[in-house]
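Here's an informal walk through one model, taken piece by piece. Have the structure open as you read.

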Amino acid sequence: MNDFQVSPELVGIYLEDARAHLDALDACLLALEREGLVADHVTGVLGPLHTLKGNSGMMGFVAVKDYVHRLEDVFARIQDGSVALEGGLFDRLFAGASSLRDAVEQACRQGAEVRDLGKEKSLLDALLAAADAAPAAPMALAPLPRVAAAPPPPASLAPAAEPAGAAEIEERADAAARYVGARSNMVRVDFGQLDHLLNLVGELVIYRNKLHEVGHRLSDSLGGKSDAGRELLEAVQQVAGVSAQLQETVMDIRMLPIRHVFERFPRLVRDLAKGQGKDIELILEGEGTRVDKAIIDEIGEPLVHMIRNAVDHGIEPPAVRQAAGKTPTATILLSAAQESNHVVLTIMDDGGGIDPVRVRQKAIERGLLRGDEPIGEREALQLIFTPGFSTRDAVSELSGRGVGLDVVLKSIERLNGLVDVESVPGVGTKFVIQLPLTLAIISALLVEASGRTYAIPLGAVVESLKFDRHEVHRIGGRETLRIRERVVPLLRLTRLFDLPEGERTARHEYAVVLGRGDKRVGLVVDRLRGQQEVVIKALDAAVTTQAFGIAGATIMGDGRVVLIVDVAALFEGRRHTAAVREVLAEA
């Protein structure tokens, strides 16, 4: 490190910038490998490399700075055509980019450089020396704008170089001045501060509603024609409008394009496919879809697992694809789209698909299913989300280690999301993930049971309905309700939370049908209170460990605390009573 002490805040800023510049390097290499030598791709990466070099020098990361400087030289030679683009070159550059990223990450974690990039730098030196010894014929390129980057070293690569002329020195100074004097409209804010701000906005909304009620009562007591009453109501309405705009603004600040997750996958698919001898094209769609940063941070890991699963399990080797009448190049689609207050992610491949018969056989072999138990194709596909389930007989480097799609399912359910799978053997597989746009505010269905109000995340609600008591039938001693062509087990909310049950004198009752994959459960409540967007408040860990089925709480306009039902825990059966487990077993 330099003689001066670098603050943790500065290290964090450097790391965020470095990751963006390294992403630009990966994107450039992928584009050059895919499209060949395009002037704009080379020009576009020299700026990020120059910035990364300067920032690394400022931080005292000398090895990183020197390696990036040599990368600039290589791209300058690629730009003028003296270094030819060929497969071996890309392998070396991709490997070097990975080493560079690792060196940056470790340096920021340790506060000093711990990764030696000497070997990688030597490979670049050898590449440049070979280019000097036998320069290739210049390749035709469109005229390039002059890039404000350090000039390439002289052809001899000798340490001693001729001193720069006055004009060149002045040009460098102008470039440095432009860089130092550049203005930015971006302000870095810790995400915890945004969470705190959102909590304050939530409190403001609560007190706004209280103020509205008090204003109406006071206006009525003063008389409808009172000037003071009218002014009070007008002021309350203005406060309500401003607070609503403030809430929308804070929520918008938390939203980021999902490209922050998607842009990691082209390089991942490229490396995985190359390692398995497969040819795969990754198609990205809807990268501009905006999602809460809390979801951006959490969804990356399950998506990585699903992409790796598609490459390893789904996509066939080129020879197998050709024998089946397919193109040797496979396709994986990763897309995002906003639907109402949800974001829908789709991971689809044109591989071998999932055979439900084979899934059923494997489930029987592993004791997950009885041999005489009838099961449809859709139900069979849902078995792939069972812990430890795999159709692979042998362990591979990518998957088949007993950590299956159950990890994906649990991660998505923690985000109050749903996942579904469709597959056609020999054609391909599609996974559809539905997530809320934000974890801070959710749309909820308010219900009432035993005089208490509860909130159910609307994303888990398939439908709500009113039914007659005589429509309930008992199967094996348990209540069920026939909904169209399906028999759905019923679970009373009062029974779930051990609430006192009043006398059932009303002819009609209400059921909220909850879904998880292909499973359905009807949650019986006393009445439906309507839909509402609620701000989620986390509960203390001591409370959540003692109370089953509670995901959090929210505060209503009148100050009442309403508990939010944890639908994922309900289906998983954690800490269930025996009676509740019996109901869910029939789901």
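In strand 9, the residue that bridges to A444 is P457. That contact belongs to a set of six bridges between strand 8 (residues 441-449) and strand 9 (residues 452-457), and the two strands run antiparallel. Keep in mind that this is a predicted model.

Step back a little and strands 8 and 9 turn out to be part of an open sheet of five strands, ordered 16-8-9-18-17 with mixed pairing. Which strands sit at the edges? They are strand 16 (527-535) and strand 17 (550-555), and each of them pairs on one side only. On average, neighbouring strands in this sheet are turned by 35° against each other, ignoring direction.

There's a second open sheet to look at, again of five strands with mixed pairing, and its order is 2-4-5-7-6. Here the edges belong to strand 2 (279-285) and strand 6 (418-424); each has a single partner strand, so one side of each has no neighbour in the sheet. The average turn between neighbouring strands of this sheet is 15°, direction ignored. At one end of the order, strand 2 runs parallel to strand 4 (residues 329-339), and seven bridges join them. To find your way along that pairing, look for L284, which stands opposite L334 in strand 4.

Next, the hairpins. Strand 11 (residues 472-475) and strand 12 (residues 478-483) run antiparallel and are joined by four bridges. I475 faces R478 in strand 12, and two residues lie between the strands of this hairpin. Which residue there takes a positive phi? That's G476, with a value near 65°.

Strand 12 then goes on to pair with strand 13 (residues 486-492), antiparallel and over four bridges. In this pairing R482 stands opposite V487 in strand 13. The hairpin has two residues between its strands, and R484 takes a positive phi near 55°.

On to the aromatics: the structure holds three aromatic pairs. One of them is F385 with F431, an edge-to-face pair with 6.3 Å from centre to centre and 85° between the planes. It brings together distant parts of the chain, 46 residues apart: F385 is in the loop between helix 14 (377-382) and helix 15 (405-414), while F431 is in strand 7 (residues 428-436). Are these two rings' residues buried or exposed? F385 is buried, because its relative accessibility of 6% falls under the 20% cut-off. F431 is buried too, at 8%.

Another pair takes us back to strand 9. The ring centres of Y454 and F497 are 5.1 Å apart and the planes are at 10°, so this pair is stacked. Y454 sits in strand 9, F497 in the loop between helix 16 (493-496) and strand 14 (508-516), and the two are 43 residues apart. Y454 is buried at 6% relative accessibility, and F497 counts as buried at 16%.

Now for the helices. Two packed helices are described by the angle between their axes and the distance between the axes. Here are two such pairs:

| Helix pair | Angle | Axis distance |
|---|---|---|
| Helix 1 (residues 8-35) and helix 2 (residues 39-59) | about 155° | 9 Å |
| Helix 4 (residues 87-110) and helix 5 (residues 118-133) | about 150° | 10 Å |

Why does helix 1 count as roughly antiparallel to helix 2? Because their angle of about 155° is over the 145 degrees needed for that label. Helix 4 is likewise roughly antiparallel to helix 5. As for handedness, helix 1 and helix 2 cross in a left-handed way, and the crossing of helix 4 and helix 5 is left-handed as well.

Last, the cysteines. A disulfide is a covalent bond between the sulfur atoms of two cysteines. How many does a search of the whole structure find? Zero. Among the cysteines you can look up, C28 is buried, with a relative accessible area of 5%, and C108 counts as buried at 12% relative accessibility.

Definitions and conventions. Residues are numbered from 1 along each chain as its sequence is written. This is a predicted model: local features need pLDDT of at least 70, side-chain atom pairs count only at pLDDT 80 or more; totals for chains, interfaces and linings use all residues. Side-chain values use heavy atoms; hydrogens and water are left out. Two strands pair if DSSP finds at least two bridges between them. Axes are lines fitted to C-alpha atoms, for helices over the stretch in contact, and angles run from 0 to 180 degrees between N-to-C directions. A disulfide is a pair of cysteine sulfur atoms within 2.5 Å. Buried means under 20% relative accessible area, exposed over 50%, partly exposed in between (1.4 Å probe, protein chains only). Rings of Phe, Tyr and Trp (its six-membered ring) pair if their centres lie within 6.5 Å; planes under 30 degrees apart count as stacked, over 60 as edge-to-face and the rest as tilted. A crossing is left-handed if the near helix is turned anticlockwise from the far one by less than a right angle, and right-handed if clockwise. Angles under 35 degrees count as roughly parallel, over 145 as roughly antiparallel, 65 to 115 as roughly perpendicular and the rest as oblique.
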